[in-house]
Amino acid sequence: MAREKEKTGGLVYSSEFGRMCPACGQPAASCRCRQAQAVPPTDGVVRLRRETKGRGGKAMTVITGVPLAPAELKELGQQLKKKCATGGTVKDGVIEIQGDHLDRLLAELKDRGWTVKRSGG
């Protein structure tokens, strides 16, 4: 616990500014760390796969390798969920769409100009 306070400077919340960023020490609303997040390096291929493992047998379409910054990736995830009329999430640079929508998403991502491949069996 003492080491965590040393890393963050001891300030976690301030009634003046609200939550504070542990990395740069600025208020979370004006954090420089989030703004400086760069696009993660990829091989230029967007991969789609269908997963059921760990989901109670329900299908999930998983999209990886999209060369976008986190904020843009979240926006793309919202647009794809609307296109498929279903739910999903974006976490750790991966877009997860509920259901088996491989063909629809493959066509949509190709229309947006990316090289897209199916992965998995």
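## Exercises: a hairpin and the salt bridges

Strands S5 and S6 form a hairpin with two residues between them, and Asp-92 in the turn has a positive phi of about 55 degrees. The model is predicted, so local features need pLDDT of at least 70 and side-chain atom pairs count only at pLDDT 80 or more, while totals for chains, interfaces and linings use all residues. Residues are numbered from 1 along each chain as its sequence is written, and side-chain values use heavy atoms, with hydrogens and water left out.

**Exercise 1.** Determine in which sense S5 and S6 pair, and over how many bridges.

*Solution.*
- Step 1: Locate the strands, which are DSSP runs of E with at least two residues, numbered from the N terminus. S5 covers residues 88-91 and S6 covers residues 94-98.
- Step 2: Apply the pairing criterion, at least two bridges found by DSSP between the two strands. S5 and S6 have four bridges, in the antiparallel sense.
- Step 3: Take one bridge as an example: Val-90 has Ile-95 in S6 as its partner.

**Exercise 2.** Find which parts of the chain are tied together by the salt bridge of Arg-50 and Asp-100.

*Solution.*
- Step 1: Use the criterion for a salt bridge, a side-chain nitrogen of Lys or Arg within 4 Å of a carboxyl oxygen of Asp or Glu. Between Arg-50 and Asp-100 the N to O distance is 3.2 Å.
- Step 2: Place both residues. Arg-50 belongs to strand S3 (residues 45-51) and Asp-100 to the loop between S6 and helix H4 (102-111), so the salt bridge ties together parts 50 residues apart in sequence. Helices are DSSP runs of H or I with at least four residues.
- Step 3: Classify the accessibility (buried under 20% relative accessible area, exposed over 50%, partly exposed in between; 1.4 Å probe, protein chains only). Arg-50 is partly exposed at 45%, and Asp-100 is partly exposed at 45%.

**Exercise 3.** Describe the salt bridge between Arg-118 and Asp-103.

*Solution.*
- Step 1: The closest N and O atoms of Arg-118 and Asp-103 are 2.1 Å apart.
- Step 2: Arg-118 lies in strand S7 (residues 115-118) and Asp-103 in helix H4, so parts 15 residues apart in sequence are tied together.
- Step 3: Arg-118 is partly exposed at 49%, whereas Asp-103 is exposed at 55%.

**Exercise 4.** Is Glu-108, the partner of Arg-112 in a salt bridge, buried or exposed?

*Solution.*
- Step 1: The closest N and O atoms of Glu-108 and Arg-112 are 3.0 Å apart.
- Step 2: Glu-108 is buried at 15%, while Arg-112 is partly exposed at 35%.
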